[in-house]
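Colleague: Could you walk me through the aromatic pairs in this one? Here it is.

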Amino acid sequence: MIPVDYAIFLIAAFATISGFYIQGQEYIGSMVNGQLIQSSIIALISFVLAYYEHSLDLVILGVLIAFLRGFLITYFLDKRVPGRMTYVYETNVNVASLLLIDLAFIVVGIFIIYSLVFTRADLITKFGPSSILVFPLSLFFQGLFLIGSRRSTFSQIIGYIEEENSLVLFAIFLVPVPIIIEASVFLDVLALVVISSILVIEKFRHFPMEELRG
Amino acid sequence: MLVYTLIRTLTQYFFVVLMAPLFAGIIANLKAKVESRKGPSIFQPYYDLFKYMRKQVLIPDGSGLIFKYAPFILFGIYSLIALIVPIVIPEPVFFTASADFLGGAILFSLAAFVKIAAAFDSRSNFTALGAVRALSFNFLSEATLITVFFAVSLITDTNNPYITNSFLATHYLQNISLEHIFATIAFFMLFLYETGKLPLESSGLAELGMIEEGMSYEYSGKLLSISKWSGYMKQYILGAIFLNVFFIPWGLQSSFPGFLLDIPVMFLKWLLLIVIVVVIETTFAKMRLFRIQDYLATSFTFSILFLIFSVVIA
């Protein structure tokens with residue numbers, strides 16, 4: 001039988017890969033689907049941990065993630081992607097360089113966090129020391145990079161959702177599960193997605209100079 | 001003992017040299033069958049090699065010495081790699097000590113360099129086109145190759161490929177460790193690129209898809225035969241490393257004369273790899289040329305990110 005930490009590490013690795021998948025997409029529809037996959041993977045992690053720990057809390061958490069993040073947020077975003085016959089995509093997306101810069105960003109970010117913060121903070125996770133937190137941290141930096149590297153409002157919203165996903169994953173790995181944080185994150189994201197969906201209609205793209213105008 | 005090692009060495013070497021074209025033939029035949037064509041015989045690569053051997057050698061005007069001797073150097077490099085890595089027998093043979101895993105990776109890089117230098121030395125626009133394309137992509141593929149071998153060294157605390165094979169065959173759980181799984185995926189992606197398989201490169205001389213084929217465009221006769229033979233050996237070596245070190249490290253015997261069973265075992269392993277390759281080749285369309293960098297960047301990401309994660313987790 002596969003030990004639980006091997007299984008969790010592998011599933012969490014796929015969450016990181018889904019982040020790279022989102023980063024490499026040009027079409028908004030594919031990015032939304034990537035977000036759906038990522039949320040489903042996080043729900044799966046919750047279910048696997050619930051099975052191993054016989055924890056009802058984690059089952060509820062998994063159901064909440066699957067429904068609210070997997071279904072509801074995807075539904076909201078999907079509704080806002082313009083018409084079926086027009087394909088909305090970003091131009092000038094150079095996947096190879098984006099992946100490599102993203103990779104460098106993650107590695108440097110994680111190195112700084114681990115060397116400056118985690119060596120002093122005494123975080124206890126379900127797998128002992130804080131090593132497994134490398135996965136939520138990588139998701140967090142991926143979300144951050146997605147926001148920074150794209151101009152479309154949709155991509156930036158998805159980047160934000162990815163960051164929230166990383167917080168959820170972070171919360172799942174910590175002991176005990178801070179479900180109140182999870183609930184507040186849900187409401188936060190849900191409200192943001194509703195507001196952002198209005199924002200998307202008003203302003204589809206962002207350009208650096210526009211941000212500087214009064 | 002010395003005689004046993006000599007027999008093992010000769011078995012491994014001649015198996016690689018003589019059987020490598022056969023696997024290329026099986027791939028071509030099976031692919032044709034899947035595409036509802038009769039397809040060439042599985043021995044077609046041998047017929048081609050012998051046909052080229054008998055043909056006249058034509059050397060382009062202005063080409064230099066590197067162009068003329070590169071096929072022989074490539075054949076020599078792949079012959080040496082064939083004795084360094086456990087691609088048939090899981091026991092060190094003669095010349096195994098000449099390089100470790102990283103040495104093997106550097107020899108692959110050397111072969112790529114010689115091939116590109118020879119392509120430029122032919123003074124032909126077509127070969128230069130293939131060489132320039134290869135250079136645009138190789139910076140990522142070579143990096144992946146090196147980091148994949150770093151991952152292997154990290155798992156087993158050694159850079160000896162024979163110990164790696166033995167370690168992975170006996171420590172089952174290491175085969176599902178994070179770095180091993182993603183190193184395996186990265187190496188497989190690299191194998192498809194290095195052997196010119198779809199969706200990266202369409203075999204044949206269609207200008208838009210040429211990379212490897214483009215570089216050997218000016219070769220003819222005996223030189224073309226040796227160049228192609230080296231290509232078959234490279235495919236076999238990379239495939240066998242993928243099978244024995246990454247994907248299925250089990251099933252090989254080192255005892256005498258039990259090691260003779262390694263030949264059918266390797267054959268069966270290769271058949272499995274061929275089925276996987278044919279499924280991929282007949283499922284995916286060819287990628288646009290400038291997308292190959294994206295593909296290689298993905299394989300590089302797989303190889304290095306999870307290597308770093310594994311170090312952090314450990």
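Modeller: Some ground rules: buried means under 20% relative accessible area, exposed over 50%, and partly exposed in between (1.4 Å probe, protein chains only). This is a predicted model, where local features need pLDDT of at least 70, side-chain atom pairs count only at pLDDT 80 or more, and totals for chains, interfaces and linings use all residues. Residues are numbered from 1 along each chain as written, chains are lettered from A and ligands numbered from 1 in written order, and side-chain values use heavy atoms, without hydrogens and water.

Colleague: Is Phe105(A) buried, exposed or partly exposed?

Modeller: Its relative accessible area is 31%. That falls between the 20% and 50% cut-offs, so Phe105(A) is partly exposed.

Colleague: Why does the pair of Phe105(A) and Phe145(A) count as stacked, edge-to-face or tilted?

Modeller: Rings of Phe, Tyr and Trp (its six-membered ring) pair if their centres lie within 6.5 Å; planes under 30 degrees apart are stacked, over 60 edge-to-face, the rest tilted. Here the centres are 5.8 Å apart and the planes at 40 degrees, so the pair of Phe105(A) and Phe145(A) is tilted.

Colleague: How far apart in sequence are the parts that Phe23(B) and Tyr236(B) tie together?

Modeller: These two are stacked, 5.5 Å centre to centre with 25 degrees between the planes. Phe23(B) lies in helix H1 (residues 2–34) of chain B and Tyr236(B) in helix H9 (residues 221–247) of chain B; helices are DSSP runs (H or I, at least four residues), numbered from the N terminus. So the pair ties together parts 213 residues apart.

Colleague: And how many aromatic pairs are there over all chains?

Modeller: Both pairs above meet the ring criterion, Phe105(A) with Phe145(A) and Phe23(B) with Tyr236(B). Over all chains, the number of aromatic pairs is 34.

Definitions and conventions:
Helices (H or I, at least four residues) and strands (E, at least two) are DSSP runs, numbered from the N terminus.
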